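Here is a short briefing on the structure shown below. It takes the nucleic acid contacts before the protein packing.

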Protein chains: 2
Amino acid sequence: MTGGTGTRGATSHDAAAGDQDRQPDQAPRRGRPKTSFLSPGLILDTAMAVIESDGPDALTFRRLGADLGANHTAVLRHFGGKDELLLALAARLMEEALDDFAAAADWRETLRSLARRTRAACLAHPGVTVVVASRTSRRAAEFQGADIVIGALLEAGFEGREAASYYRTLVDTALALSIFEASVTMLDEQAREGDHLAWQREFLTASPQKYPHLAQVAQHLADIDAEDQFENAIGLFIDAVELRAERARVRDRYRP
Amino acid sequence: MTGGTGTRGATSHDAAAGDQDRQPDQAPRRGRPKTSFLSPGLILDTAMAVIESDGPDALTFRRLGADLGANHTAVLRHFGGKDELLLALAARLMEEALDDFAAAADWRETLRSLARRTRAACLAHPGVTVVVASRTSRRAAEFQGADIVIGALLEAGFEGREAASYYRTLVDTALALSIFEASVTMLDEQAREGDHLAWQREFLTASPQKYPHLAQVAQHLADIDAEDQFENAIGLFIDAVELRAERARVRDRYRP
DNA sequence: ACCTGAACACCGTTCAAGT
DNA sequence: ACCTGAACACCGTTCAAGT
């Protein structure tokens, strides 16, 4: 029932016994560990595993303690509270998204890459994304990523103020759309059990008299692919940015 | 402490006494109300008031009961559970966004209007937006709104499949950005108490050696206005859509 | 038909106590 | 320094009972 995602035993007795097969180079002074076996990293790993296997509501200190083989209050020695834990999860998600992010040969491709990485990380952990959604700010997009994207926009031909503005638009849009898609994924999954997905049928049978335009395209609405849709949004963004970049370059040519 | 947002007394004793000054045309059979005094509408009003005044965490059945002058389990006679209540709150938020929504003279203005309405509703109730964020699907954009927006896109010159696709892109983007902005608002408000807003200063003092591009535009990043930013994103979307609409019209001229 | 009140299983957090 | 175990104030939900 507890899943068994922990790397240690499931009870505190097992945890105590574990001291005996601890690495000798760690040199525990007597038989008690002088260094803690819990660490922020291990706790975050376990938390993500719990959410992804049993859903956002399953993340409780008691469940976390059970999977870690520790008391349910032990986590509080590493995180000030649940809110702090969630903020750390949000930061980890964005770290994963931007891991090894680097500029591409083409500035358009650099922007596209950031957006795709953001989406990939959120969809890889939709449950985590939903729990931390309200604590995810663009602060998470760290300096490293910001510098690369702004570099791409400067390369495209924008001045400082515009580069800053389009940078924020891209990051916000990519992040917001990714979180939104993850939450729709989770919601649909939950609704599939009930009959809440019936609204898709309603769309197809909407009254053509009352909603003529809707009826005209209803068949196409049903089979829209989520990934195509995301690519579509990013494509629109880049097209528009490129259009304005050309104008900016022309403008600068006459006002150098 | 309980706020006093209820329209009835704060205790169940007061609620019972309230029967005596009930309207006579309601004709209560004996002294007990034959019609319930709680209604889904009243409950949702109270729930929104609670969240907006004391934050998302304040929305509990016990608090709701206190403000309504009823037992803390009475709400369960109108909503199956907390999840159902949140889904209803999400639906109400979108109803508010699309209330009296109508097509404008120009199709671009119609698209802009939908986006602005979505944002306005979310920012009018940021706390509510954050609680229901994970239960807000584009299902909420009801047939009425969908028909109008799709009509605008057909008017712009798109065929069925493209109109459907751009409709979804606009609705998803506007909704996702609005939810995101609301959650950033709530997060900043909470962080202002701590010193978590320190990252803004960090941005300004980021190493120009390690992050040259970032340093170049850091001053502009600080004073970006949120509303300008949203308008910017929608403006980019409409520019790109218009660009493609022109192409679609040219294409159709040669293949009618 | 609608509401009450007690009860149940659970939650995050605190704190004195252990090693 | 880190963890335990009991305790506290809360939570959503169930259910028999009232009117």
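**DNA contacts and chain packing**

In this predicted model, a polar backbone atom of Asn71(B) sits 2.6 Å from a phosphate oxygen of DNA strand C. Asn71(B) is also among the closest of the 21 residues that surround the strand. The points below cover the DNA surface, the contact between the chains and one helix.

**DNA strand C**
- The closest residues come from both chains: Arg62(A) and Lys82(A), with Ser36(B), Asn71(B) and His78(B).
- Leu38(B) places a backbone N or O atom 3.3 Å from a phosphate oxygen of the strand.
- Thr73(B) reaches a base instead: a polar side-chain atom lies 3.4 Å from a base oxygen.
- Sugar or phosphate accounts for 55% of the strand's atoms within 4 Å of the protein, and bases supply the rest.
- The surface near the strand has nine polar, seven nonpolar and five charged residues.

**Chain A with chain B**
- Each chain gives 60 residues to the contact.
- About 5,600 Å² is buried between chain A and chain B, and carbon and sulfur atoms give 68% of that area.
- On the chain A side, Phe143(A), Phe180(A) and Leu236(A) lose the most area to chain B, together 13% of what that side buries.

**Helix H10 of chain A**
- H10(A) spans residues 212-222, with Leu214(A), Val217(A), Ala218(A) and Leu221(A) buried.
- Seen down the helix axis, these buried residues fall within an arc of 160°, so they line one face of H10(A).
- They pack against helix H9 (199-204) of chain A, and against helices H7 (143-156) and H8 (160-191) of chain B.

Notes. Residues numbered from 1 in each chain as written. Chains lettered and ligands numbered in written order. Predicted model: local features only at pLDDT ≥ 70, side-chain atom pairs only at ≥ 80, totals over all residues. Heavy atoms only, no water. Near = heavy atom within 4 Å. Polar contact = N/O pair within 3.5 Å; in protein donor to acceptor, adjacent residues only side chain to side chain. Nonpolar A, V, L, I, M, F, W, Y, C, P; charged D, E, K, R; others polar. Buried < 20%, exposed > 50% of the residue type's maximum accessible area, 1.4 Å probe, protein only. Helix = DSSP H or I, 4+ residues; strand = E, 2+ residues; numbered from the N terminus. Arc of directions from axis to C-beta. Contact = heavy atoms within 4.5 Å. Buried area = accessible area lost by both parts, 1.4 Å probe.
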